[in-house]
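Please look over the sequence and the model shown here before reading on. The report is written for a reader who is new to protein structure.

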Amino acid sequence: VVLGVTVKNLKKPDSFKNVVIGKCETYLKENTNLSGYSDCETIWQVFEQAYVGRDPCDVPPEAYYPLINLVKNQLACNTMLFWSKTKTLVHEFTENRECLVTLEDTLLGFTFNELTWCSKNQSKETFTTDCPLWSYCVNNPVRSFWIKASANFAAIACGNVSTMLNGSLESPFSSTSIFGDVEVRNLDSTKVHSLTVLLVTKDTDMTTCENASFKDLQSALNPNITYNCREVPLTTVQGCISNLDIPCSDCFKK
Ligand code: DVN
């Protein structure tokens, strides 16, 4: 009993709920232009409904449908940027520029980026440790969130969109990645005119736009969407990250 009381009275350092609401509010303060939604407490409640009380291997992507539906993005056409295996670089680029926007620059993507969560059958709690790893089981709460959020981000994309891929890899496009498996297939050809691969390369890289993996990308892409590929030197992207005076239009030139 004594121990029970002690534990109860211990103040949790920063509960997961506070982290989520804090990140959501930070985002709304800094990005009044990008979100059409503004109630972080409701976001938390609808988010929690998706996985609380469920086995952590039994949360399908559809569980996040109410959350995705609640938070409507207002993204300008021609700005959506997908990525695969370029996480750090792509976000260093979009952080201080508005010309391109990744999922992680939207309210939901920003709020849940870098977080881990799960619950248990019949539990009312959220846990942030001992949750299933990404590939331990298909329907885990974190993976399912990203699948649903990514599918939605692709489905709302419009105009000429791009994807930043890693030219240091032997196969920069993987049809089993979220970009390759979820986003490419969810692009709507009535809204998206073209998809441009921005292949970020170092001088020593052997991979080019001729890489065989891009044949897989082209076959997965709706034929009504024009495919382009551009090799972009890493030094050019880094230059654009450190010097905001360089206009966006010069950052991804041949
Ligand atoms: O276009 C982007 C964006 O919109 C997004 O949500 O999906 C696209 C990127 O996903 P991707 O194509 O699967 O790209 P990556 O680089 O293979 O994986 C991106 C991230 O997903 C990783 O950085 C992991 O996140 P983390 O742990 O660094 O916060 C995660 N991830 C993907 N596959 C994983 C994995 N984590 C662990 N194990 C795996 N097998």
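The text below goes through the strands, the core, the ligand shell and two loop residues.

Residues are numbered from 1 along each chain as its sequence is written. The model is a predicted one, in which local features need pLDDT of at least 70 and side-chain atom pairs count only at pLDDT 80 or more, while totals for chains, interfaces and linings use all residues.

**Strands**

Helices (H or I, at least four residues) and strands (E, at least two) are DSSP runs, numbered from the N terminus, and two strands are said to pair if DSSP finds at least two bridges between them. The strand pairs described here are set out in the table.

| Strands | Sense | Bridges | Example of opposite residues |
|---|---|---|---|
| β1 and β2 | parallel | four | L81 and S162 |
| β2 and β3 | parallel | eight | N166 and V200 |
| β3 and β4 | parallel | eight | S194 and T226 |

From β3 the chain passes through helix α9 (residues 213-220) to β4, in a right-handed β-α-β crossover. The term right-handed is used if, with the strands pointing away from the viewer, the path from the first strand over the helix to the second runs clockwise. A right-handed β-α-β unit is also made by β2, α8 and β3.

A residue is called buried if 20 or more other C-beta atoms lie within 10 Å of its own, exposed if 12 or fewer do, and partly exposed in between, with the C-beta atoms placed from the backbone. Strand β2 (residues 159-166) is largely enclosed by the rest of the structure, because six of its eight residues are buried. Strand β3 is mostly covered as well, with seven of its ten residues buried.

**The core**

A nonpolar core is a set of buried Ala, Val, Leu, Ile, Met, Phe, Trp, Tyr and Cys residues joined through C-beta atoms within 7 Å. The largest such core has 56 residues, and L81, A157, M164, L198 and L199 touch the most other members. Strand β3 (residues 192-201) gives the most to this core, namely six residues. Two of the core residues face each other across strands, since M164 stands opposite L198 in β3. In soluble globular proteins, nonpolar side chains tend to be buried together.

**Around the ligand**

Which residues come nearest to the ligand? A residue is near a molecule if its C-beta atom, placed from the backbone, lies within 6 Å of it, and of the 17 residues around the ligand, S84, W134, S177, I178 and F179 come nearest. At least two residues of this shell are supplied by each of β1 (81-84), α7 (141-155) and α8 (178-186).

I178, which is placed in helix α8, is buried, with 20 other C-beta atoms within 10 Å. Its C-alpha atom is separated by 7.4 Å from that of S150, although the two residues are 28 residues apart along the chain. Contact requires C-beta atoms, placed from the backbone, within 7 Å, and, leaving aside neighbours within four places in sequence, I178 is in contact with W146, I147, S150 and E183.

**Two loop residues**

Most residues other than glycine have a negative phi. N78, however, has a positive phi of about 75 degrees although it is not a glycine, and N78 lies in the loop between α4 (65-70) and β1. With 16 C-beta neighbours inside 10 Å, N78 counts as partly exposed. E114, also not a glycine, has a positive phi of about 70 degrees and lies in the loop between α6 (107-112) and α7. E114 counts as exposed, because it has 7 C-beta neighbours inside 10 Å.

Terms used: Contact = placed C-beta atoms within 7 Å.
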